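Dear colleague,

I am passing on the structure below, together with some notes on its cysteines. Please have a look at it before you read on.

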Amino acid sequence: MQSIPQLAADETTQRNNNIILGSKLTAKPNQNESWISPNEDFAFGFQQIQKDGFILAIWFNKIPEKTIVWSANGDNLVHQGSVVELTKLGSLVLRDPTNGTDVIWSAAVSGLGVSYAAMLDTGNFVLANNNHANLWESFNEPTDTLLPTQVLNQGKKVFAKYSESNYSKGRYYFIVEKGSLVFYTTRLVMPGQGNIRYWPNNQTPTEDDIQLQLVFNQSGSIYLQEQNGTTIFDELIPMSSSNSNHSNGFLYQRAILEYDGVFSHYVYGASNSGGWSRVSKSIPENICLTFNANKGPGVCGYNSYCILEDDFRPSCRCLDGYTFIDLNDKIKGCIPTFEAQSCHEDLEDYKNFNIDFVDYLNWPEGDYEVSSSMSEDECRNACLHDCFCVLAIYGGENCWKKRFPFSNGMMDSSVKGTKTLYKVRKANLTTTTGAASKPCNNKDSKTNDQKTLIVIGSVFVSSSALLNILLVITSLVFYFRLSRKTLVTKPNQPIPEMNLKNFGFAELEKATNGFKEQLGVGAFGVVYKGVLEMDSNNDLVIAVKKLDNNHMVKEGDQEFKAEVMSIGSTNHKNLVKLIGFCNEGQRRLLVYEYMSNGSLASFLFGPSKPKWHERKQLALDTARGLFYLHEECSNQIIHCDIKPQNILLDDSFTARISDFGLAKILNTGETRTTTGIRGTKGYVAPEWFRNVAVSVKVDVYSYGIMLLELICCRKNVEANVEDDAQIILADWACDCYEAGKVEFLVENDDEAKMEMEIVEKFVMVALWCIQEDPSLRPTMKNVMLMLEGSVMVSAPPSTNSYKC
């Protein structure tokens, strides 16, 4: 395979779109003044990413997200009124008026004689001379993103940004070195070694004279080759993973080193089917397991652990009893919310601690003591009685003790036979003295309260009558405040006005056999199967959602209250029923009825596909449940995360909507709300990305995507298809409907082909649901009536007037 040749002169010049010397752009809020490529796919200019913080950038211009692919001043944002100018002398400079005449950034031009600038259709911004030779180009100065036709030469680095919204240089970078593409972390520098490599684990050096380059070709392949183009040295992302050509207008592509150190390849439908979709395995495939330095904070920071999510991105979590140092930057790690164990033996502070556990979790490095031939109980007790022990790793009759700070935590199903036994103070109270903390409702606490009253009462002996009266009033107020405080901090509190059972943690731990059988993992916790012993001798099978401590201080606590309030007040055959809850200290759990047939995702995308009549019924069931949430509840509820994984199936395969963890409850009379982006990629409505108020119509959009999946019995994005026009389901459905070829969507389904009128009606309803303009989408009531056949379905607008 040959290297990508230099761009042809007609593409480089783009004379009609050249930016002449003396041109300038000014940073202004809510204005999109920019230099745009001829095909309008890319723009160069200012984006406002903070209240008064602007970044000079290149972005995808036609999509709602305006995804940035290059930036000049991520480490030094500029203010309103800042100017980027292509000067009369041919320099491209960025100045901030608040810093006087100082240049914030300038393009390092190679040579003299810049005649013009151009924003090319490839996403490359260039400075060129009269001979149309590029003297500077953004492709040679990448930030965190590569685009098709871009080549990264040996020695060039690509840095991840610091966080999702912070474009300064972050914690990771990769570089083309002799023989390989190598990924490093900037978080840990070892003497004599420099930055620590985290991928690949093993590297075989090549001959010194071989010069390599990383190529991202037009077809979607990303590979290493010799600079003479004669030999492919390493194909990192093969062509078959995307196999699409941007020139046909069907897909945008980008490859990005994410802020969490993962290198991923994404595609975007030109007709906007819900955002960027990853179409290949990431590099590394599991950074949680790949990053194994024996020192430093690891992927997620000290005292936290890493788990790989469904999108192959790492998620950082804290143990129960710990909280993130910074919720806006979780990679900084976690800190305990309780005081450390005292080492004074006479205090016997170990009695104030419990040992909790988490399966499949390991901190493989940094133990200070190892014991063998131990049982799990012996390991627990050894850590409990050791004031230096914060947690212990148990597996294979070995016990590894850890102390603060522990690092490089990783959770994965491959870590079998290993569990983390961690110490947490009972009732999780943080003391302010050196003594051990006491639960606020124990005998010592009551005794202290009584002693306080006795001391106050003793003053009566030597006081005047008026003073005594004042002291009596003060004592009573003080006593009732103490009593109220004791009441408020009691564990296992009920939530008022909820007809739900209030479980104790020990009761649920017993019911789940120590949280042994895991049913699934959600955004805020893990779901376990359990059995409750009933008085009637008929045991009740339950599903217990155990909220983890990731967001327990803010988001998790809000999620818990939202779920209890919303689900507890609902009653519909197409919703999962909430049986009860546990609200004991920082332990918060939700108890649901058990759904024996799993999720719609498992049923729909599993090896045994559901029949057409079953899929029709599941679509109707879900529509009825959403209609109830939107229009029949006392408080209108936006689910925010409708997808097959959140639709469960009961004994009779009736669809039940579950997981209200992301629900936004609207007050009476309120129909729109503003909140952060919620939901799952591929199902998220476009308005989430526009910083505007959202309504129940975001659920309608998600339902429309899921309805297409039900019709076609496939996922909304599938990279491994024969025809690249079928990769994104919504786009393919639009094309088929416009061409009058809806039967292609159910080509291998004989039962569905017998009811093509109904299939076409369902497709039309789905296309109405995924209109880009929320006002054009029907309500769930109308969706339900259209699917039932009670209301006629009109033809949705053509693809020229809307985006799916």
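What follows is a short account of the disulfides and of some further cysteines.

This is a predicted model, in which local features need pLDDT of at least 70 and side-chain atom pairs count only at pLDDT 80 or more, whereas totals for chains, interfaces and linings use all residues. Residues are numbered from 1 along each chain as its sequence is written, and side-chain values use heavy atoms, with hydrogens and water left out.

The structure holds six disulfides, a disulfide being a pair of cysteine sulfur atoms within 2.5 Å. One of them joins Cys300 to Cys316 with an S to S distance of 2.1 Å, and it is left-handed because the torsion about its S-S bond is about -80°. Cys300 lies in the loop between helix H2 (287-290) and strand S25 (305-308), while Cys316 is in strand S26, 16 residues apart; helices (H or I, at least four residues) and strands (E, at least two) are DSSP runs, numbered from the N terminus.

The sulfur atoms of Cys318 and Cys334 are 2.0 Å apart, and this link, with -85° about the S-S bond, is also left-handed. By contrast, the disulfide of Cys379 and Cys399 is right-handed, at 70°, and it connects helix H3 (residues 376-384) with strand S33 (residues 398-402).

As for Cys712, its sulfur is 7.9 Å from the closest cysteine sulfur, in Cys736, which is too far for a bond. Cys712 is nonetheless buried at 12% relative accessibility, where buried means under 20% relative accessible area, exposed over 50%, and partly exposed in between (1.4 Å probe, protein chains only).

Best regards
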